[in-house]
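This report goes through the secondary structure, the strand pairing, the packing of one helix pair and the aromatic contacts of a single chain. The sequence and the structure come before the description.

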Amino acid sequence: MRKLFFIWAFVFGASFVNAQNTEGITIFFEDKTLKEVLLELEEKTNLSFFFSEEWLDNTRINKRYTNRSLEEILTDLFEGRSLNHLIFDHKVILTNNSVIHKKLPANFFDENKTQDGTENEAVFYNQYQKENVITVGKQVEGSSKETYSLSGIVTSDNNGEPLKGLNVFVQGHNASTTTDNNGYYELLVPSGLITLRTHLLGFNDEVKDILVYGDGSVDISVSDSAVQLDEVVVESSINDNVRQAEVGVVALDVAGIKNIPVVLGERDVLKVAISLPGIQTTGEGAAGFNVRGGRADQNLFLLDDAVIYTPSHFLGFFSAINPFATGSVDIYKASIPVKYGGRLSSVFDIKSKEPNYKKFSGEGSIGPITGNLSLQIPLKKEKSSLTVAGRATYSDWILRSLDEEDLSNSRASFYDGIIKYDHIINDKNKLQATGYYSDDRFSITSDSIFSYNNVLASIKWSHLFNDKNKGDLIVTNSQYTYGIEYDAESNGNFDFDYKINESQVKLNMKYLHSKKHTFDYGVSSKLYQIEPGNIQPLGSESIVTPRQLEKEKGLESAVYFSDLFEVNDRLLLNLGLRYSIFSALGPRFQNVYAEGLPKSESSLINTLEFDNNEAIKTYGGPEFRLSMRYSLAQDMSIKAGYSSTIQYIHLLSSNTTISPTDIWKLSDLNTKPQRAGQFSLGLFKNLDDGNIELSLEGYYKRMDDILDYKVGAELILNENIEQQLLQGEGKAYGAEFLIKKKRGNLSGWLGYSYSRAMLKLNSNIPQERINNGAFFPANYDKPHDISLVMNYKLTKRYSLSTNFVYQTGRPITFPVGKFTFGGSEQVAYSDRNRFRIPDYYRLDLGLNIEGNHKTKKLAHSFWNISVYNVLGRNNPYSVFFINDQGNIKAYKTSIFAIPVPTITYNFKF
């Protein structure tokens, strides 16, 4: 019967060509739909058109044809569409994807094999009789292309959220990939009939039969696994850490951090980051991070692509990133992608949670210090969703509980909120908009109130041009402000404020050229505007003189390109180049100083004036981003990389750690940008089918024009700040070891790093030379760092967790003697940072209690009972010295010198 059908098709098709309409047609279509165009052609040619309206799109057509054949007109109209056509016997037959063959394939009547032994096309066609076959692309008669690009988005059938790290592969072929953070996959597949499969623990495998005629997309929805499992673990992909080309990259398990005991029970993604090798802080409660020997200002923190300048609350005790609204955190300690720039050491790329397009859901927590709530609200099913999250303190007793009598009248409070809107416009366009605000207000003494806040907004339009090209257009704005309100019983009351604002436009593009080459490229530009200080009298009796420093402005732009090049099955290269350029802009005054003399009033030789937007000084240069992976086995690889970076903005701080009153400054005529180059080498090995990950990484980093300060530098409200600054060299090197167990009753990781961070301030000018021009340890140099984070599951509902930390004490400058000069007694100090404060170690314990696992309940609960600093270790935060009537006395300060118990209730619905 099947053969009789094709014989009929062959005889009937013999008249196809002879029936072609070849007369010239002149016609004009203005703002017509495709259906309207076909009906107008039907009337014009007196031919009958046969088609299904569901094949036609609603794109408006504006075209003019002059003396063209119907064949030419239809071929042009269907270019880029899945439609084929055939003209015969006063009829026009349209087909979706498929071609009506004008002749039978060679050796058609051989059921199984042709004479050379290859599979017969008739057998191949018979395979297409499967039910629910999805057709992708447009069949082109005579095409010899063997592979095409297939892409799409994979979502959960339960809540519509995109699924990250899901395996997508073609059954029986060496074609596979994993979905990214947005659930997007893209791979090259063979032409013809294929079987596409998905796999992710906790979800049922999905199978799709797809008839591939060309490039196209197939979205997939997968359902939760209904099988009762002892444990469900969602993983990105087995051996993913071994296969990728990048070195020095960390992806935090946001969902898993709930089991890690932290101070005051607050779930905190960034506090977990410092338990990983290569990421440190200067001390307990310190704001800012030091990544692989870099300064705290050398890290780029992004929230949905917008910069957040101070990612912490309450002087570093809490992260400013809401954990219940966070979807992923990727940290780049090396191998920084070319699309990121502007910082020397690292990028913390934080993405808010993916939307729930199907049902209303939420989660939150109630702890001793904060309350937290996050809601996901579908606005239009499968199309748009709103995420709203907020967090606030409801007590400021924390400062009063510290063992400091001077803090008895202190207070502290903070809150933050985020709102995110996601909208799927169509299968090629998606819009995302995020807004964030945080506010901190604290008072250490009764007469001063400090406040600071972050405001940011971002809009991202994602567009799929075709199955090989996609792009993101991103517009962001970030603002950081702080203020000091001093109100005492005096006439010196004042109100001081500071502000930095940046606006950025970025275009990121991706092109899947072939199985061997994937290109990423784009452009970006950002405008900095800084108001470095404004002081006003507070109250009518204040004698403070109003004063406002000159504003700073600068434009930083870049163009970038990278190629992920799969040389062969063993060797993978990621070759990238970023070229950045920065211009300090007017209106501003700039001082010019005599060469070979310290910058001071006495060496000032000229002052230049620059008009609005006039370039004061331009810097720039190439930034290379190179990395490679060589597979020694399926579960073992060697990686190497080199990254060069340039930073045009600097943080001015006289403190050891970041504080809210620090000042950001742009490069200009007297301040050069910071530059760095880092070499990395790593060995990566997985055991037990990917359950255990081992990594050993080493690095060496050189830095130039690192900022430091003269002794006694005045940084606030200083009109000639360059007179207080020094710029020198830096170097950092170290080795990092990590062993991580991901599944089973016992899970967690052990990390160890040996690292050194050294500075050198050498100059021909004696006053600008520190430690005789030799390298000395930076304030954040901590050679040994050990972290042990473990969770042991007692039952399905109960687990124990522990967190142990040991760090070398940070450097400090000690007084070593006394001398008399000019009739007064002076203190002699050691070389800078020659000594160290005592080592730091701490043990935390926690008990985690899951609520019952009934599926039909209002909310699922999770209790965390933990004790921070179980041993009551009085870890010194800093050591300082006081000259008490000729006697030098040392004092140390600590943050938590006693065990701190907390209990936190978490819920999810």
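Buried residues make up 50% of the 909 residues in the chain, and the model from which this value was computed is a predicted one. The secondary structure comprises seven helices and 57 strands. Among the contacts between residues at least 6 apart in sequence, 66% join residues that are at least 24 apart.

**Open sheets**

One open sheet is formed by five strands in the order S6-S12-S11-S8-S9, with mixed pairing. Its edge strands, each of which pairs on one side only, are S6 (134-136) and S9 (176-178), and from one strand to the next the twist averages 25 degrees. Within this order, strand S8 (residues 167-170) and strand S11 (residues 192-199) run antiparallel and are joined by four bridges, with Asn167 standing opposite His199 in S11.

Another open sheet consists of five strands in the order S15-S22-S23-S18-S19, and its pairing is likewise described as mixed. Here strand S15 (249-252) and strand S19 (306-307) are the edge strands, each pairing on one side only. Strand S18 (residues 299-303) and strand S23 (residues 346-352) run parallel, and five bridges join them; the bridge partner of Phe301 in S23 is Phe348.

**The strands S30, S31 and S32**

Strand S30 (residues 469-486) runs antiparallel to strand S31 (residues 494-512), and 18 bridges join the two. S31 is in turn joined by 18 bridges to strand S32 (residues 517-537), again with the strands running antiparallel, and S31 and S32 form a hairpin with four residues between them. Two positions illustrate the register of these pairings: Tyr482 stands opposite Tyr498 in S31, while Asp495 has Gln536 in S32 as its bridge partner.

The pairings for which bridge counts have been given are set side by side below.

| Strands joined | Bridges | Direction |
|---|---|---|
| S8 (residues 167-170) and S11 (residues 192-199) | four bridges | antiparallel |
| S18 (residues 299-303) and S23 (residues 346-352) | five bridges | parallel |
| S30 (residues 469-486) and S31 (residues 494-512) | 18 bridges | antiparallel |
| S31 and S32 (residues 517-537) | 18 bridges | antiparallel |

**Packing of H2 and H3**

How do the axes of helix H2 and helix H3 cross? The axes of H2 (residues 34-45) and H3 (residues 70-77) come within 13 Å and cross at roughly 180 degrees. Because angles over 145 degrees count as roughly antiparallel, H2 and H3 are therefore roughly antiparallel to each other. The contact brings Val37, Leu38, Leu41 and Thr45 of H2 together with Leu70, Ile73, Leu74 and Leu77 of H3, and by class it has seven nonpolar residues, one polar residue and no charged residues.

**Aromatic pairs**

The structure holds 23 aromatic pairs. One of them, Phe29 with Tyr65, is edge-to-face, at 6.2 Å centre to centre and with 70 degrees between the planes. This pair links distant parts of the chain, for Phe29 belongs to strand S1 (residues 25-32) and Tyr65 to strand S3 (residues 61-68), and the two are 36 residues apart. Phe29 counts as buried because its relative accessibility is 0%, and Tyr65 also counts as buried, at 2% relative accessibility.

The rings of Phe301 and Phe348 have centres 4.5 Å apart and planes at 25 degrees, so this pair is stacked. Since Phe301 lies in strand S18 and Phe348 in strand S23, the pair ties together parts that are 47 residues apart in sequence. Both Phe301 and Phe348 are buried, and these two residues are also bridge partners.

In addition, ring pairs link Tyr452, Tyr480, Tyr482, Phe496 and Tyr498 into a cluster; Tyr482 and Tyr498 have already appeared as residues that stand opposite each other.

**Surroundings of Glu623**

Is Glu623, which is found in strand S38 (residues 615-633), buried or exposed? Because buried means under 20% relative accessible area, Glu623, with a relative accessible area of 1%, is buried. Leaving aside residues up to four places away in sequence, Glu623 touches Gly576, Leu577, Arg578, Ser580, Ser644, Thr645 and Ile646. The C-alpha atoms of Glu623 and Tyr560 are separated by 9.1 Å, although the two residues are 63 residues apart along the chain.

Methods:
Residues numbered from 1 in each chain as written. Predicted model: local features only at pLDDT ≥ 70, side-chain atom pairs only at ≥ 80, totals over all residues. Heavy atoms only, no water. Pairing = 2+ DSSP bridges. Axes fitted to C-alpha atoms, helices over the stretch in contact; angles between N-to-C directions. Parallel < 35°, antiparallel > 145°, perpendicular 65-115°, else oblique. Contact = heavy atoms within 4.5 Å. Nonpolar A, V, L, I, M, F, W, Y, C, P; charged D, E, K, R; others polar. Phe/Tyr/Trp six-rings, centres within 6.5 Å; stacked < 30°, edge-to-face > 60°. Buried < 20%, exposed > 50% of the residue type's maximum accessible area, 1.4 Å probe, protein only.
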